[in-house]
Every structure is written in structure tokens, then in C-alpha cells.
Amino acid sequence: MQRNALLAAGLTSLMWGLTGIFVRLLPSLPPLTVTAGRLLVALVVVLPIFGLFRSSRQSFKLALERPIAHVLALLLAGYFLLATAAFQMAPVADVALLLSTPPLFILSFRRMRGDIPNHTEIGGALLAVAGIGLILVPRMSFAGDSPIHHLTGNILAVCAAGLTALYAYTYRILHERGVAPETIGVSLLTFISGSVILVLMVSFASTPSGLDTLNGHALLVFLGLGVLSTAIPSIGFALASRRLPAVVTATISLFIPLFAGLFAFLILGEKLSSMFIPGSILVLGGIAMILRQGRGKTND
């Protein structure tokens, strides 16, 4: 059973690594439209699966009755929206790397609640921040529109990582109190509420939705984005979280930038900057230090 959970975890990181590729292969569409379509496709895919398993239906029913589950679902929907916009504006590898930084935010949340990080965690955070600076600072030039466009995308990626961290930290507190909703129920609630809200926003937005530009190729890409990079990894992560230690599932985020950078190079032809590899080593090494220290606390 644990072997299947590890397989699900590996598949999750692989599929999430494709997210930016699918987003960039779509025609130029507003982020609202792309995210709404992404969640709608995921919803259509997972609904029959939930219908087959009584435990999944029960998890969703319990999540539906919990106000905090709706808050968690909105945080995830917000993450999907910001991450989609970030991938549209900045290099895929950079965005994927920034999306892997929630542990940095979680340290800040802990500090605000009086839980002071130890020296190892602080060292890991400084190492990760140094790596991010090594990658992003050389790109910061305000001559022309493209660098500003990239910088905005990177800022959106950081905001998306912050939402993920807030979700993970809130869920951890609820779990410690024994009142956390099932993650698989929250996932379905995210697809439903996110789809409804975003479709309504697209309908009432003053800017064109861009749906008239879709062709057969774009619909296939949308299908891949919704199924391979949203439905499958969301369910896979929920299943892996049930079977594996928290530190193992958290480490999934460390592999996503590696897959994303490789896919972006092979499929989109994006070239990695000279500082991306050394900067990535610092970022991922720092996050690994934080996660490893967190595992030690859990074991204690």
C-alpha cells in the first residue's frame, strides 16, 4: 500500500511539473478563463470517481458542512488562479521554483504565533532566499515591457506560494486539534466552488473571455491541463497524504521545479539562465533543511 502511495506522490510531482507547459501552449487567454476551464475540466473528471466510492462521498459531505473547508477551498482556488497568471507572464522554471517555497512562509506564520524557528530552520530560510535572489536579481531590468512582465509573474508566483502555505499551515493546526476535513473532500469542494465563482467572474468581466479563439488544439491542451495537471495530481496528493509521513508529501514540492525546468526546455525551448541551477540548489537545499527539521520535531 505504501508503495502505491509513493507512486502516487511521484506521479503528482511529475504532473504538476507539466502545469506551466499546458498554460503556455494555450492561446492568449485571460487567467480567469484558463483557471475556470481548468477547474471545470477537473470537476467533470473527478465527479464520476467520487460517485463510485462511498468514502469519498462521505468526505465531501463532511467538508460541505464545515465552514473552514470552504475557506480552504477558496485558498486553493486562489492559488490556481495566481499560479496560472504567473505561468503566463514569467519563465516556467522560475515560477515553478517560486511555487515550491511555502515552507518559507510557514516559518513566518509560526513566528507570528510565538513558535520561534531554530537555527537550522533560519539557516535553511536564508539559504533559500539567497538562491531566489541569485536567480531573479540578474533578470531585473526595467528597460522595456518584458522584464516588468516577468517580474510581475514572479510576484504572482510568490503570492500563490503564500496561499499554499496558509492552506497547509491552517490544515496542520486543524489536524493537530483533530478537526481537519478530509483533503479529498476539500479538493472536490475546490473544483466546485472555484469553477462556479470563476465562471461567474468570466461572465461578468468587462474584458473578452477569449473563448471564441479556441480551436481543437486548444481544447486538447485544456483537457491536459484539467486532467493531467489538476485532477490527477490533486487526488494523488490527497491519497499520498493519507498513507505517507507529512515530510515525504511535503518534499514533493522539491521535485516539481526540476520536472518543470526539464519540460520547459524540451517542449517550449526555454533556456535556463546561468544562475538557475546554482540558485535552485540553494533554494531546494534550504527548503530541504526546513522540512528535515520539521520531521525531527514531529518525531520528537
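Colleague: What share of the contacts in the protein chain with a separation of 6 or more is accounted for by residues 24 or more positions apart?
Modeller: This is a predicted model. Contact here means heavy atoms within 4.5 Å. Among contacts in the protein chain with a separation of 6 or more, the share from residues 24 or more positions apart is 88%.

Colleague: How many helices and how many strands are there in the protein chain?
Modeller: From the N terminus on, the elements run α-α-α-α-α-α-α-α-α-α-α-α-α. The count for the protein chain is therefore 0 strands and 13 helices.

Colleague: What percentage of the residues in the protein chain is buried?
Modeller: Buried means under 20% relative accessible area. The protein chain has 300 residues, and the buried part of them is 47%.

Colleague: Which percentage of the accessible surface belongs to carbon and sulfur atoms?
Modeller: The accessible surface of the protein chain comes to about 14800 Å². The part that belongs to carbon and sulfur atoms is 69%.

Colleague: Is H3 oblique or roughly perpendicular to H10?
Modeller: Helix H3 covers residues 31-52 and helix H10 residues 183-204; their axes are 8 Å apart and the packing angle is about 140°. Angles of 65 to 115 degrees count as roughly perpendicular and those over 145 as roughly antiparallel. The angle of about 140° fits neither range, so H3 with respect to H10 is oblique.

Colleague: Of what class are the residues in the contact of H3 with H10, and how many are there of each?
Modeller: H3 passes H10 in a left-handed crossing. Residues of H3 in the contact include Leu-32, Leu-39, Leu-43 and Phe-50, and those of H10 include Ile-184, Phe-191, Leu-198 and Val-202. Thr-33 and Thr-35 of H3 also take part, as do Gly-194 and Ser-195 of H10. By class, the contact has no charged, 5 polar and 17 nonpolar residues.

Colleague: Is H3 oblique or roughly perpendicular to H4?
Modeller: The axes of H3 and helix H4, residues 54-64, come within 5 Å and cross at roughly 110°. The range from 65 to 115 degrees counts as roughly perpendicular. H3 is therefore, with respect to H4, roughly perpendicular.

Colleague: How many charged residues does the contact of H3 with H4 have?
Modeller: On the H3 side are Phe-50, Gly-51 and Leu-52, which meet Arg-54, Ser-56 and Arg-57 in H4. Arg counts as charged, and Gly as polar. The contact has 2 nonpolar and 2 polar residues, and the number of charged ones is 2.

Colleague: Are H4 and H10 oblique or roughly perpendicular to each other?
Modeller: H4 and H10 have their axes 8 Å apart and pack at an angle of about 65°. The range that counts as roughly perpendicular runs from 65 to 115 degrees. The relation of H4 to H10 is therefore roughly perpendicular.

Colleague: How many nonpolar residues are in the contact of H4 with H10?
Modeller: The crossing of H4 and H10 is right-handed. H4 contributes Ser-56, Ser-59, Phe-60, Ala-63 and Leu-64, while residues from H10 include Ile-184, Gly-185 and Ile-192. With 3 polar and no charged residues in this contact, the number of nonpolar ones is 8.

Colleague: Is Ser-280 buried or exposed?
Modeller: Ser-280 is found in helix H13, residues 276-299. Beyond neighbours within four places in sequence, Ser-280 is in contact with Leu-97, Ile-135 and Gly-285. The relative accessibility of Ser-280 is 7% and the cut-off is 20%, so Ser-280 is buried.

Colleague: How far apart in space are Ala-93 and Phe-265, C-alpha to C-alpha?
Modeller: Ala-93 lies in helix H6, residues 92-98, and at 4% relative accessibility counts as buried. Leaving aside neighbours within four places in sequence, Ala-93 is in contact with Gly-261, Glu-270, Leu-272 and Phe-276. Ala-93 and Phe-265 are 172 residues apart in sequence, and their C-alpha separation in space is 8.9 Å.

Colleague: Which residues does Leu-163 touch, not counting residues up to four places away in sequence?
Modeller: Leu-163 is in helix H9, residues 145-176, and is partly exposed at 22% relative accessibility. Leu-163 and Leu-75 are 88 residues apart in sequence, but their C-alpha atoms are 5.9 Å apart in space. The residues touched by Leu-163 are Leu-75, Gly-78, Tyr-79 and Leu-82.

Note on methods. Residues numbered from 1 in each chain as written. Predicted model: local features only at pLDDT ≥ 70, side-chain atom pairs only at ≥ 80, totals over all residues. Heavy atoms only, no water. Axes fitted to C-alpha atoms, helices over the stretch in contact; angles between N-to-C directions. Helix = DSSP H or I, 4+ residues; strand = E, 2+ residues; numbered from the N terminus. Parallel < 35°, antiparallel > 145°, perpendicular 65-115°, else oblique. Left-handed = near helix turned anticlockwise from the far one by under 90°. Buried < 20%, exposed > 50% of the residue type's maximum accessible area, 1.4 Å probe, protein only. Areas by Shrake-Rupley, 256 points an atom, 1.4 Å probe, with all protein chains shown as cover.
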